[in-house]
Amino acid sequence: MSQLIDELGKLLEASQRVVVFTGAGISTESGIPDFRSPGGFWSNNQPIYFKDFLAWEDMRREAWRRKLAFEAAFKQAQPNRGHRAIAHLAAQGKVASVITQNIDGLHQSSGIPDEKVIELHGNSTYAVCLSCERRYELAPILAAFSLDEQPPECECGGFIKTATISFGQPMPVEAMRRATLETEACDLFLAIGSSLVVYPAAGFPALAKQCGARLVIVNRDPTDLDYLADLVLNTEIGDTLGEVTGVE
């Protein structure tokens, strides 16, 4: 373990432009449920596809029921040692950007500026109108929904949805563009807490390698892309990143 951490430290020291790519594994250490792993949320609940959210009021109602049920866990979650370690590297100027599959906003809460965080799957900490793109804070929406379970609608008549990317919803064009440019420009790509099976997001580690960057994968379990990596650590994320950065 100490030898692997030493190797990671040397790669970080030798790098000028690091891109960090994070998945659910970093946030489970903050108590955020893992949706995709065996036993996770999607094991027992059918996904609500975007086309069904648009077509059926019952589907919109169910989506907001699920959001209400999970809100307590999301609100109580705080950045953990892994988040703080990444924020430390960003503050040093070592990390150019953080590309994340997560929707919890914990990277921003850890102190990383909004402009450095690229959210591929959106953000669950606020909602938007799907027609006029007006932003809505969640607290009043959830309070009203808890009383009558009526799916919220915007003043313009559009449907209001959490600002996340649902199954079947197009990936955000600008976020994908930025993530691609950042990946192509980095000299070290850190894939952290991702199973690397959800595409197109999981294609970024391979792109980084194709462009000449070193690739490090830190994940509790092996991934299908381990063979591409210069270094693989199947370890706890917070302990690993905290040790290599000196962050408690």
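This report describes a small sheet, the helices that pack on it, and one further helix with its surroundings in a predicted model.

## Basis of the description

Residues are numbered from 1 along each chain as its sequence is written, and side-chain values use heavy atoms, with hydrogens and water left out. Because the model is predicted, local features need pLDDT of at least 70 and side-chain atom pairs count only at pLDDT 80 or more, while totals for chains, interfaces and linings use all residues.

## The sheet

An open sheet of 3 strands runs in the order 5-4-6 with antiparallel pairing, where strands pair if DSSP finds at least two bridges between them. Strand 5 (135-137) and strand 6 (160-164) are the edge strands, each pairing on one side only; strands here are DSSP runs (E, at least two residues) and helices are likewise DSSP runs (H or I, at least four), numbered from the N terminus.

Strand 4 (residues 122-129) pairs with strand 6 in the antiparallel sense over 5 bridges, and within this pairing Ala127 stands opposite Thr162.

## Helices on the sheet

Helix 5 (residues 57-76) packs on the sheet and touches strand 4 and strand 6, contact meaning heavy atoms within 4.5 Å. Helix 8 (residues 138-148) also packs on the sheet, touching strand 4, strand 5 and strand 6.

## Helix 11

In helix 11 (residues 237-245), the buried residues (under 20% relative accessible area, 1.4 Å probe, protein chains only) are Ile237, Gly238, Thr240, Leu241, Gly242 and Thr245. Among the elements that cover them are helix 1 (2-14), helix 6 (81-91) and strand 8 (214-218). Just after this helix, Gly246 takes a positive phi of about 80 degrees.

Note on methods:
Axes fitted to C-alpha atoms, helices over the stretch in contact; angles between N-to-C directions. Buried < 20%, exposed > 50% of the residue type's maximum accessible area, 1.4 Å probe, protein only.
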